[in-house]
Amino acid sequence: MTRMFRTYLDYKIINQLLLLFMLLMLPSAVYAIDVEETIWGFNNQPVRGKFVPLSLRLSNNTPKVFDEAVQLNRQQFNGTKVGAPLYKKVYLPPYSSQWVQFYPYIVDGQDEDWSLNWGPGFVQYRSVKRTGGTTTTTGPLRIIIAGSDGLLQGGASFKKYPEDLFPPFVTATDSLDEVILDHVPRWDVARRVSFMDWLEQGGILHLLPDPSGESLKFTSTLAPLNAPFDHFRVGAGLVIRHNSKLNQ
């Protein structure tokens, strides 16, 4: 009888080990998506007391389509979720990746961790790590809006921010003070409107010639930027036109 009981226990242990081995060999069943890259705000740091764009490059490394809601959660140091989660519907074909954006409010930042959750009950997760500390608005946050070609070019003294990630909501531009432009961004209507709203609410825009030395020509919603002055107002915002190119 004792021998039969031991055989039964050995059988259960072996089955549990086999199940654990299968789960480890099939990570797609546990983690349907990965976070390839994270950009906090406009300078890759969250700004305390502001809404900031949080850009996540998500990848689906499985042969199955990922089509469901994901949840961004703020956590305390012990892993407890605090505050209201933010949701985003994500569609990722097999073996593909794309940028997904959230717009969290940074309460403090020092003791805050974040996670991206999904799946039944949102129990599956990936940590959303920060690089460096949380900044306060002690000085102007100035960036260059760069296209895909501009991101690959070096030599600029200011932080480059991908034009495709400029928030389509002006609320998420709360931490941004100044923008440098040396090309006409390829924005959809929502991003053009958001940019002009940011400027009209007090932003500072520096207009530089394009790489060939020609003045920028804007259309549609951005047409007010064509005013033929070195300094001019757009609402409460200020536009300053420069003669030097970015590489100068």
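## Notebook: a walk through a predicted model

**Entry 1, helix H3.** I began with a ruler on helix H3, residues 189-200. With 12 residues at 1.5 Å a residue, the helix should span 16 Å, and I found its end C-alpha atoms 16 Å apart, so the two agree. A reminder to myself before going on: this is a predicted model.

Next I asked which residues of H3 are buried. The list reads Arg191, Arg192, Ser194, Phe195, Met196, Trp198 and Leu199. I was pleased to see two arginines, Arg191 and Arg192, in that list beside Phe195 and Trp198. Then I looked for what covers these buried residues, and the cover includes strands S5, S10 (178-181), S11 (204-207), S12 (231-234) and S13 (237-241). Just past the helix I stopped at Gly202, where phi is positive at about 125°.

**Entry 2, the whole chain.** Time to step back and count. I get 3 helices and 13 strands for the secondary structure of the chain. Of its 248 residues, 39% count as buried. I also checked how far along the sequence the contacts reach: among those with a separation of 6 or more, 68% are between residues 24 or more positions apart. The exposed area of the chain comes to about 14,300 Å², and 56% of it is supplied by carbon and sulfur atoms.

**Entry 3, the sheet of six.** Several of the strands that cover H3 led me here. In what order do the 6 strands of this open sheet run? I read S9-S8-S10-S11-S13-S12, with mixed pairing. At the edges sit S9 (159-162) and S12, each of which pairs on one side only. From one strand to the next the twist averages 30°.

I followed the S12 edge inward. S12 pairs with S13 in the antiparallel sense, over 4 bridges. One detail to keep for the figure: Phe232 has Val239 in S13 as its bridge partner.

**Entry 4, the sheet of three.** The other cover strand, S5, took me to an open sheet of 3 strands, ordered S1-S2-S5 and paired antiparallel. Its edge strands are S1 (34-40) and S5 (96-102), each with a partner on one side only. Neighbouring strands here are turned by 20° against each other on average, with direction ignored.

How many bridges hold S2 and S5 together? I counted 7 between S2 (residues 54-60) and S5, in the antiparallel sense. Leu56 stands opposite Val100 in S5.

**Entry 5, the S6-S7 hairpin.** I moved on to a hairpin made by S6 and S7, with 5 residues between the two strands. The strands run antiparallel and are joined by 5 bridges. Trp118 stands opposite Gln124 in S7. In the turn, Gly119 has a positive phi of about 85°.

Phe122 is in the loop between S6 and S7 as well. Its phi is positive too, at about 55°, although Phe122 is not a glycine. Is Phe122 buried, exposed or partly exposed? With a relative accessible area of 22%, Phe122 counts as partly exposed, because buried would need a value under 20%.

**Entry 6, Tyr95.** I made a note of Tyr95 as another non-glycine residue with a positive phi, near 55°. Tyr95 lies in the loop between S4 and S5. Its relative accessibility is 57%, so Tyr95 counts as exposed, the cut-off being over 50%.

**Entry 7, aromatic rings.** I searched the whole structure for aromatic pairs and found 10. One of them brought me back to Phe122, which pairs edge-to-face with Tyr87 at 5.7 Å centre to centre and 70° between the planes. The pair links distant parts of the chain: Tyr87 belongs to S4 (residues 81-92), Phe122 to the loop between S6 (113-118) and S7 (124-128), and the two are 35 residues apart.

Which residues gather in one aromatic cluster? I wrote down Phe42, Tyr161, Phe166, Trp187, Phe195 and Trp198. Two of those names were already on my first page: Phe195 and Trp198 are among the buried residues of H3. Another member, Tyr161, falls within the residue range of S9 (159-162), an edge strand of the sheet of six. A nice place to close the notebook for today.

How values were computed: Residues numbered from 1 in each chain as written. Predicted model: local features only at pLDDT ≥ 70, side-chain atom pairs only at ≥ 80, totals over all residues. Heavy atoms only, no water. Pairing = 2+ DSSP bridges. Axes fitted to C-alpha atoms, helices over the stretch in contact; angles between N-to-C directions. Expected span 1.5 Å × (residues − 1). Buried < 20%, exposed > 50% of the residue type's maximum accessible area, 1.4 Å probe, protein only. Contact = heavy atoms within 4.5 Å. Phe/Tyr/Trp six-rings, centres within 6.5 Å; stacked < 30°, edge-to-face > 60°. Areas by Shrake-Rupley, 256 points an atom, 1.4 Å probe, with all protein chains shown as cover.
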